[in-house]
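Work through the exercises below with the model open. Try each task before reading its solution.

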Amino acid sequence: MLGQLHYRELTGMSNDNSLAPTPQEKSAAWRAFGLFMALMLGLSCVFYAMMISQGAMNMLTVTGIMWSPGLAAILCCLILKRPVASLPWRWGAWKWNWQAYLLPVVYGLIMYLPVWLFGLGGSAFGDPDTLSGFAAIVAGPSEHPATFAIIGGIILTATLGMASSISRALGEEIGWRGFMIWEMRKVMPFWAVGLLSGLIWSLWHWPGILFTDYNAGEGNQVLQMALFTLGVMPMGVVYAWFVFRSKSLWPAAILHASHNLFLQRIYTPLTARGENTHFYIDEFGILLPIVSVVLAVIFLFKAKKDGF
(Lines give C-alpha, C1' and ligand atoms only; values in the text may rest on other atoms or scores of the structure.)
Protein backbone atom coordinates (compact mmCIF):
# COMPACT_ATOMS: atom_id res chain seq x y z
CA MET A 1 0.00 0.00 0.00
CA LEU A 2 1.12 3.59 -0.60
CA GLY A 3 1.33 4.39 3.09
CA GLN A 4 3.54 1.38 3.80
CA LEU A 5 5.73 1.78 0.73
CA HIS A 6 6.56 5.40 1.46
CA TYR A 7 6.36 5.42 5.24
CA ARG A 8 10.06 5.74 5.87
CA GLU A 9 10.49 8.17 3.02
CA LEU A 10 7.73 10.34 4.48
CA THR A 11 8.95 10.24 8.06
CA GLY A 12 12.66 10.44 7.35
CA MET A 13 13.50 7.12 8.97
CA SER A 14 16.35 4.92 7.91
CA ASN A 15 15.57 2.52 5.09
CA ASP A 16 15.93 -1.06 6.30
CA ASN A 17 13.92 -4.24 5.92
CA SER A 18 11.61 -3.50 8.86
CA LEU A 19 8.78 -1.01 8.55
CA ALA A 20 8.59 -0.51 12.30
CA PRO A 21 10.54 2.42 13.75
CA THR A 22 13.54 1.57 15.87
CA PRO A 23 13.71 2.63 19.54
CA GLN A 24 16.33 5.21 18.58
CA GLU A 25 14.05 6.66 15.91
CA LYS A 26 11.14 6.82 18.34
CA SER A 27 13.27 8.54 20.96
CA ALA A 28 14.55 11.07 18.43
CA ALA A 29 10.98 11.72 17.27
CA TRP A 30 9.77 12.42 20.81
CA ARG A 31 12.69 14.80 21.37
CA ALA A 32 11.93 16.62 18.12
CA PHE A 33 8.24 16.82 19.02
CA GLY A 34 9.05 18.18 22.50
CA LEU A 35 11.45 20.75 21.09
CA PHE A 36 8.88 21.89 18.56
CA MET A 37 6.19 22.26 21.23
CA ALA A 38 8.50 24.27 23.50
CA LEU A 39 9.58 26.64 20.73
CA MET A 40 6.08 26.98 19.31
CA LEU A 41 4.55 27.79 22.70
CA GLY A 42 7.34 30.25 23.51
CA LEU A 43 6.89 32.15 20.26
CA SER A 44 3.10 32.04 20.52
CA CYS A 45 3.15 33.48 24.03
CA VAL A 46 4.88 36.62 22.75
CA PHE A 47 2.06 37.41 20.33
CA TYR A 48 -0.72 36.20 22.61
CA ALA A 49 0.59 38.59 25.28
CA MET A 50 0.23 41.46 22.81
CA MET A 51 -3.29 40.38 21.85
CA ILE A 52 -4.48 39.83 25.40
CA SER A 53 -3.12 43.18 26.57
CA GLN A 54 -5.29 44.83 23.91
CA GLY A 55 -8.21 42.42 24.23
CA ALA A 56 -8.28 42.21 20.45
CA MET A 57 -6.40 41.00 17.40
CA ASN A 58 -4.87 43.06 14.62
CA MET A 59 -3.34 41.96 11.33
CA LEU A 60 0.26 42.08 12.56
CA THR A 61 -0.32 40.08 15.74
CA VAL A 62 -2.48 37.58 13.84
CA THR A 63 0.31 37.15 11.30
CA GLY A 64 2.82 36.71 14.11
CA ILE A 65 0.78 34.12 15.99
CA MET A 66 0.02 32.18 12.81
CA TRP A 67 3.69 32.09 11.84
CA SER A 68 4.81 30.91 15.29
CA PRO A 69 4.42 27.17 14.45
CA GLY A 70 6.26 27.63 11.15
CA LEU A 71 9.13 29.53 12.75
CA ALA A 72 9.32 26.86 15.46
CA ALA A 73 9.62 24.15 12.80
CA ILE A 74 12.41 26.01 11.02
CA LEU A 75 14.26 26.55 14.31
CA CYS A 76 13.88 22.84 15.09
CA CYS A 77 15.52 21.97 11.79
CA LEU A 78 18.42 24.30 12.55
CA ILE A 79 18.86 23.04 16.13
CA LEU A 80 18.59 19.38 15.11
CA LYS A 81 20.96 20.01 12.17
CA ARG A 82 18.38 19.00 9.59
CA PRO A 83 18.18 20.86 6.28
CA VAL A 84 15.18 23.18 6.18
CA ALA A 85 14.75 21.79 2.67
CA SER A 86 13.93 18.42 4.25
CA LEU A 87 10.46 19.71 5.12
CA PRO A 88 7.81 18.59 2.58
CA TRP A 89 7.96 21.70 0.40
CA ARG A 90 7.28 19.88 -2.88
CA TRP A 91 4.16 21.11 -4.65
CA GLY A 92 2.89 17.62 -5.39
CA ALA A 93 0.10 16.67 -7.79
CA TRP A 94 -2.31 19.46 -8.62
CA LYS A 95 -5.34 17.31 -7.83
CA TRP A 96 -4.61 17.31 -4.10
CA ASN A 97 -4.32 21.10 -4.04
CA TRP A 98 -7.55 21.58 -5.99
CA GLN A 99 -9.37 19.15 -3.70
CA ALA A 100 -7.99 20.99 -0.67
CA TYR A 101 -9.25 24.31 -2.06
CA LEU A 102 -12.71 23.02 -2.94
CA LEU A 103 -13.39 21.00 0.23
CA PRO A 104 -14.22 24.05 2.41
CA VAL A 105 -16.43 25.40 -0.39
CA VAL A 106 -18.47 22.20 -0.22
CA TYR A 107 -18.63 21.63 3.54
CA GLY A 108 -19.24 25.34 4.03
CA LEU A 109 -22.33 25.13 1.83
CA ILE A 110 -23.46 22.03 3.72
CA MET A 111 -23.22 24.08 6.91
CA TYR A 112 -24.76 27.33 5.71
CA LEU A 113 -27.51 26.26 3.30
CA PRO A 114 -29.75 24.93 6.13
CA VAL A 115 -29.14 28.14 8.07
CA TRP A 116 -30.17 30.27 5.09
CA LEU A 117 -33.03 28.08 3.87
CA PHE A 118 -34.65 27.31 7.22
CA GLY A 119 -33.79 30.50 9.06
CA LEU A 120 -31.95 28.74 11.87
CA GLY A 121 -31.42 31.10 14.79
CA GLY A 122 -33.43 33.76 12.98
CA SER A 123 -30.88 33.88 10.15
CA ALA A 124 -31.34 34.60 6.47
CA PHE A 125 -29.24 34.80 3.33
CA GLY A 126 -27.97 38.13 2.15
CA ASP A 127 -26.73 40.60 4.73
CA PRO A 128 -27.26 43.97 2.96
CA ASP A 129 -23.95 45.51 4.03
CA THR A 130 -22.03 42.44 2.90
CA LEU A 131 -23.78 42.36 -0.48
CA SER A 132 -22.99 46.05 -0.97
CA GLY A 133 -19.39 45.42 0.02
CA PHE A 134 -18.94 42.61 -2.49
CA ALA A 135 -20.54 44.71 -5.23
CA ALA A 136 -18.29 47.66 -4.41
CA ILE A 137 -15.22 45.57 -5.20
CA VAL A 138 -16.33 45.43 -8.84
CA ALA A 139 -18.53 48.47 -9.43
CA GLY A 140 -17.89 50.86 -6.56
CA PRO A 141 -20.33 51.90 -3.81
CA SER A 142 -24.02 51.81 -4.66
CA GLU A 143 -27.31 51.96 -2.76
CA HIS A 144 -28.73 49.31 -5.10
CA PRO A 145 -25.90 46.94 -6.01
CA ALA A 146 -26.36 44.91 -9.19
CA THR A 147 -26.45 41.14 -8.94
CA PHE A 148 -23.56 40.74 -11.41
CA ALA A 149 -21.40 43.03 -9.28
CA ILE A 150 -22.19 41.06 -6.11
CA ILE A 151 -21.32 37.77 -7.84
CA GLY A 152 -18.17 39.31 -9.30
CA GLY A 153 -17.05 40.53 -5.88
CA ILE A 154 -17.60 37.10 -4.35
CA ILE A 155 -15.61 35.44 -7.15
CA LEU A 156 -12.72 37.88 -6.76
CA THR A 157 -12.71 37.35 -3.01
CA ALA A 158 -12.80 33.56 -3.41
CA THR A 159 -9.85 33.58 -5.81
CA LEU A 160 -7.57 36.58 -5.33
CA GLY A 161 -8.38 36.54 -1.62
CA MET A 162 -6.45 33.27 -1.36
CA ALA A 163 -3.19 35.19 -1.70
CA SER A 164 -3.55 37.01 1.60
CA SER A 165 -5.21 34.06 3.32
CA ILE A 166 -2.49 31.57 2.43
CA SER A 167 0.26 34.01 3.41
CA ARG A 168 -0.80 33.46 7.02
CA ALA A 169 -2.12 29.90 6.87
CA LEU A 170 1.22 28.74 5.46
CA GLY A 171 2.94 29.81 8.68
CA GLU A 172 0.81 27.47 10.73
CA GLU A 173 0.99 24.58 8.31
CA ILE A 174 4.78 24.58 8.01
CA GLY A 175 4.72 23.81 11.74
CA TRP A 176 1.65 21.61 12.24
CA ARG A 177 1.69 19.58 9.06
CA GLY A 178 5.15 20.30 7.69
CA PHE A 179 6.99 19.20 10.83
CA MET A 180 4.90 18.11 13.81
CA ILE A 181 2.76 15.35 12.30
CA TRP A 182 5.78 13.72 10.64
CA GLU A 183 7.44 13.30 14.02
CA MET A 184 4.18 12.07 15.56
CA ARG A 185 3.75 9.52 12.77
CA LYS A 186 7.01 7.85 13.80
CA VAL A 187 5.57 6.96 17.20
CA MET A 188 1.80 6.55 16.76
CA PRO A 189 -0.79 5.31 14.24
CA PHE A 190 -2.42 7.59 11.70
CA TRP A 191 -5.72 8.01 13.57
CA ALA A 192 -3.86 9.14 16.69
CA VAL A 193 -1.72 11.56 14.67
CA GLY A 194 -4.83 13.11 13.16
CA LEU A 195 -6.82 13.47 16.36
CA LEU A 196 -3.93 14.50 18.63
CA SER A 197 -2.60 17.05 16.14
CA GLY A 198 -6.15 18.40 15.80
CA LEU A 199 -6.47 18.63 19.59
CA ILE A 200 -3.16 20.49 19.91
CA TRP A 201 -4.22 22.81 17.10
CA SER A 202 -7.55 23.59 18.77
CA LEU A 203 -6.09 24.09 22.27
CA TRP A 204 -3.55 26.50 20.81
CA HIS A 205 -6.47 28.79 19.86
CA TRP A 206 -8.02 28.87 23.34
CA PRO A 207 -6.30 32.04 24.65
CA GLY A 208 -7.54 33.94 21.60
CA ILE A 209 -11.10 32.72 22.10
CA LEU A 210 -11.19 33.49 25.82
CA PHE A 211 -9.20 36.72 26.05
CA THR A 212 -9.46 38.47 22.66
CA ASP A 213 -12.18 39.10 20.09
CA TYR A 214 -11.56 35.79 18.29
CA ASN A 215 -15.02 34.42 19.09
CA ALA A 216 -18.64 34.87 18.07
CA GLY A 217 -18.83 38.21 19.84
CA GLU A 218 -21.89 37.12 21.81
CA GLY A 219 -23.09 34.11 23.75
CA ASN A 220 -21.17 31.84 26.10
CA GLN A 221 -17.46 31.86 25.30
CA VAL A 222 -16.77 28.61 27.15
CA LEU A 223 -19.41 26.87 25.03
CA GLN A 224 -17.90 28.43 21.92
CA MET A 225 -14.47 27.18 22.95
CA ALA A 226 -15.87 23.65 23.36
CA LEU A 227 -17.64 23.78 19.99
CA PHE A 228 -14.51 25.16 18.34
CA THR A 229 -12.47 22.27 19.76
CA LEU A 230 -15.02 19.71 18.58
CA GLY A 231 -14.97 21.34 15.16
CA VAL A 232 -11.21 21.58 14.74
CA MET A 233 -9.95 18.40 16.40
CA PRO A 234 -11.53 15.95 13.88
CA MET A 235 -10.24 18.08 11.00
CA GLY A 236 -6.73 17.08 12.03
CA VAL A 237 -7.48 13.73 10.39
CA VAL A 238 -8.42 15.42 7.11
CA TYR A 239 -5.31 17.62 7.06
CA ALA A 240 -3.03 14.70 7.92
CA TRP A 241 -4.53 12.59 5.13
CA PHE A 242 -3.93 15.29 2.52
CA VAL A 243 -0.33 15.79 3.64
CA PHE A 244 0.63 12.12 3.83
CA ARG A 245 -1.21 11.30 0.60
CA SER A 246 0.45 14.11 -1.35
CA LYS A 247 3.76 14.06 0.55
CA SER A 248 3.48 17.85 0.63
CA LEU A 249 2.50 20.54 3.13
CA TRP A 250 0.86 22.65 0.41
CA PRO A 251 -2.55 20.93 0.40
CA ALA A 252 -2.80 21.62 4.15
CA ALA A 253 -1.88 25.28 3.63
CA ILE A 254 -4.41 25.61 0.82
CA LEU A 255 -7.13 23.81 2.80
CA HIS A 256 -6.49 26.03 5.81
CA ALA A 257 -6.47 29.21 3.72
CA SER A 258 -9.62 28.19 1.86
CA HIS A 259 -11.42 27.38 5.13
CA ASN A 260 -10.55 30.77 6.61
CA LEU A 261 -11.47 32.56 3.40
CA PHE A 262 -14.86 30.97 2.78
CA LEU A 263 -16.10 30.71 6.37
CA GLN A 264 -14.75 34.00 7.69
CA ARG A 265 -14.95 36.28 4.64
CA ILE A 266 -17.77 34.85 2.50
CA TYR A 267 -20.30 32.51 4.14
CA THR A 268 -20.45 34.11 7.58
CA PRO A 269 -20.64 37.72 6.32
CA LEU A 270 -23.32 36.73 3.80
CA THR A 271 -25.52 35.53 6.66
CA ALA A 272 -28.08 38.05 7.91
CA ARG A 273 -27.96 37.50 11.64
CA GLY A 274 -30.80 36.70 14.00
CA GLU A 275 -30.89 36.40 17.76
CA ASN A 276 -29.27 32.93 17.83
CA THR A 277 -27.35 32.85 14.56
CA HIS A 278 -24.06 32.58 16.45
CA PHE A 279 -25.14 29.18 17.81
CA TYR A 280 -25.07 27.65 14.32
CA ILE A 281 -22.50 29.32 12.08
CA ASP A 282 -18.79 29.96 11.77
CA GLU A 283 -16.12 28.17 13.81
CA PHE A 284 -17.97 28.65 17.09
CA GLY A 285 -21.34 27.16 16.21
CA ILE A 286 -22.82 23.67 16.36
CA LEU A 287 -22.71 22.85 12.64
CA LEU A 288 -18.94 22.76 12.11
CA PRO A 289 -18.42 19.96 14.68
CA ILE A 290 -21.07 17.85 12.96
CA VAL A 291 -19.50 18.34 9.54
CA SER A 292 -15.98 17.80 10.93
CA VAL A 293 -16.84 14.49 12.58
CA VAL A 294 -18.40 13.18 9.36
CA LEU A 295 -15.34 14.26 7.38
CA ALA A 296 -12.99 12.65 9.91
CA VAL A 297 -14.80 9.32 9.60
CA ILE A 298 -14.66 9.50 5.79
CA PHE A 299 -10.96 10.30 5.76
CA LEU A 300 -10.13 7.63 8.34
CA PHE A 301 -11.63 5.09 5.95
CA LYS A 302 -9.65 6.64 3.10
CA ALA A 303 -6.47 6.42 5.18
CA LYS A 304 -7.11 2.76 5.94
CA LYS A 305 -7.63 2.08 2.24
CA ASP A 306 -4.38 3.90 1.43
CA GLY A 307 -2.48 1.89 4.03
CA PHE A 308 -1.65 4.78 6.38
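How many aromatic pairs does a search of the whole structure find? The search of this predicted model finds 27 aromatic pairs.

**Exercise 1. Classify two ring pairs.**

Task: Decide whether the pair of Trp116 and Phe125 is stacked, tilted or edge-to-face, and do likewise for Phe262 and Tyr267.

Solution.

Step 1. Take the distance for Trp116 and Phe125. Their ring centres lie 4.8 Å apart. The cut-off for a pair is 6.5 Å.

Step 2. Take the angle. The planes of Trp116 and Phe125 meet at 70 degrees. Planes over 60 degrees apart count as edge-to-face, so this pair is edge-to-face.

Step 3. Turn to Phe262 and Tyr267. Their centres are 5.9 Å apart and their planes stand at 40 degrees, so the pair is tilted.

Step 4. Add burial. Trp116 is buried, at 13% relative accessible area. Phe125 is partly exposed, at 48%. Phe262 and Tyr267 are both buried.

Step 5. Place the rings in a group. One aromatic cluster takes in Trp98, Tyr101, Tyr112, Trp116, Phe125, Phe262 and Tyr267.

**Exercise 2. Describe the largest pocket.**

Task: State the volume of the largest pocket, then say which residues and helices line it.

Solution.

Step 1. Volume. The largest pocket holds about 680 Å³ of space.

Step 2. Centre. The lining has 34 residues, and Met66, Tyr214, Asn260, Gln264 and Glu283 are the closest to the pocket centre.

Step 3. Helices. At least two lining residues come from each of α3 (23-54), α4 (59-79), α8 (161-185), α9 (190-211), α10 (221-232), α11 (235-246), α12 (250-270) and α13 (287-306). The most come from α12, which supplies six.

Step 4. Chemistry. The lining splits into 18 nonpolar, ten polar and six charged residues.

**Exercise 3. Find positive phi outside glycine.**

Task: Locate Lys247 and Asp282, and give the phi of each.

Solution.

Step 1. Recall the background. Most residues other than glycine have a negative phi.

Step 2. Lys247. Its phi is near 60 degrees, a positive value. Lys247 sits in the loop between α11 and α12. At 15% relative accessibility, Lys247 is buried.

Step 3. Asp282. Its phi is positive too, at about 65 degrees. Asp282 belongs to the loop between β2 (271-272) and α13. Asp282 is buried, with a relative accessible area of 16%.

**Exercise 4. Trace the surroundings of two buried polar residues.**

Task: For Ser248 and Asn215, give the location, the burial and the partners of the side chain.

Solution.

Step 1. Ser248 location. Ser248 is in the loop between α11 and α12. Its relative accessible area is 0%, so Ser248 counts as buried.

Step 2. Ser248 polar partner. A polar atom of the Ser248 side chain lies 2.4 Å from the backbone oxygen of Arg90.

Step 3. Ser248 contacts. Beyond four places in sequence, Ser248 is in contact with Pro88, Arg90, Trp91 and Val243.

Step 4. Asn215 location. Asn215 is in the loop between α9 and α10. Asn215 is buried at 16% relative accessibility.

Step 5. Asn215 polar partners. A polar atom of its side chain lies 2.9 Å from the backbone oxygen of Thr212. A polar atom of the Asn215 side chain also lies 2.9 Å from the backbone nitrogen of Gly217.

Step 6. Asn215 contacts. Outside its neighbours within four places, Asn215 is in contact with Ile209, Gln221, Gln224 and Phe284.

**Exercise 5. Set sequence separation against spatial distance.**

Task: For Leu87 with Pro104 and Gly307 with Phe190, give both separations.

Solution.

Step 1. Leu87 and Pro104. They are 17 residues apart in sequence and 25 Å apart in space, C-alpha to C-alpha.

Step 2. Gly307 and Phe190. They are 117 residues apart along the chain, with 9.6 Å between the C-alpha atoms.

Step 3. Leu87 setting. Leu87 is in the loop between α4 and α5 (94-118). Leu87 is buried at 6% relative accessible area. With residues up to four places away set aside, Leu87 touches Cys77, Ile174, Gly178 and Phe179.

Step 4. Gly307 setting. Gly307 lies in the segment after α13. Gly307 is buried, at 18% relative accessible area.

Conventions: Residues are numbered from 1 along each chain as its sequence is written. This is a predicted model: local features need pLDDT of at least 70, side-chain atom pairs count only at pLDDT 80 or more; totals for chains, interfaces and linings use all residues. Side-chain values use heavy atoms; hydrogens and water are left out. On a 1 Å grid over the protein atoms alone, a cavity is a set of points where a 1.4 Å probe fits but cannot get out, and a pocket is an open set with protein on both sides within 12 Å along at least five of seven lines; lining residues have an atom within 4 Å of a point. Grid points are joined across faces, edges and corners, and a volume is the space filled by probe spheres set on the points. Helices (H or I, at least four residues) and strands (E, at least two) are DSSP runs, numbered from the N terminus. Ala, Val, Leu, Ile, Met, Phe, Trp, Tyr, Cys and Pro count as nonpolar, Asp, Glu, Lys and Arg as charged, and the others, Gly among them, as polar. Buried means under 20% relative accessible area, exposed over 50%, partly exposed in between (1.4 Å probe, protein chains only). A polar contact is a pair of N or O atoms within 3.5 Å; within protein, one must be able to donate a hydrogen and the other to accept it, and residues adjacent in sequence count only if both atoms are side-chain atoms. Contact means heavy atoms within 4.5 Å. Rings of Phe, Tyr and Trp (its six-membered ring) pair if their centres lie within 6.5 Å; planes under 30 degrees apart count as stacked, over 60 as edge-to-face and the rest as tilted.
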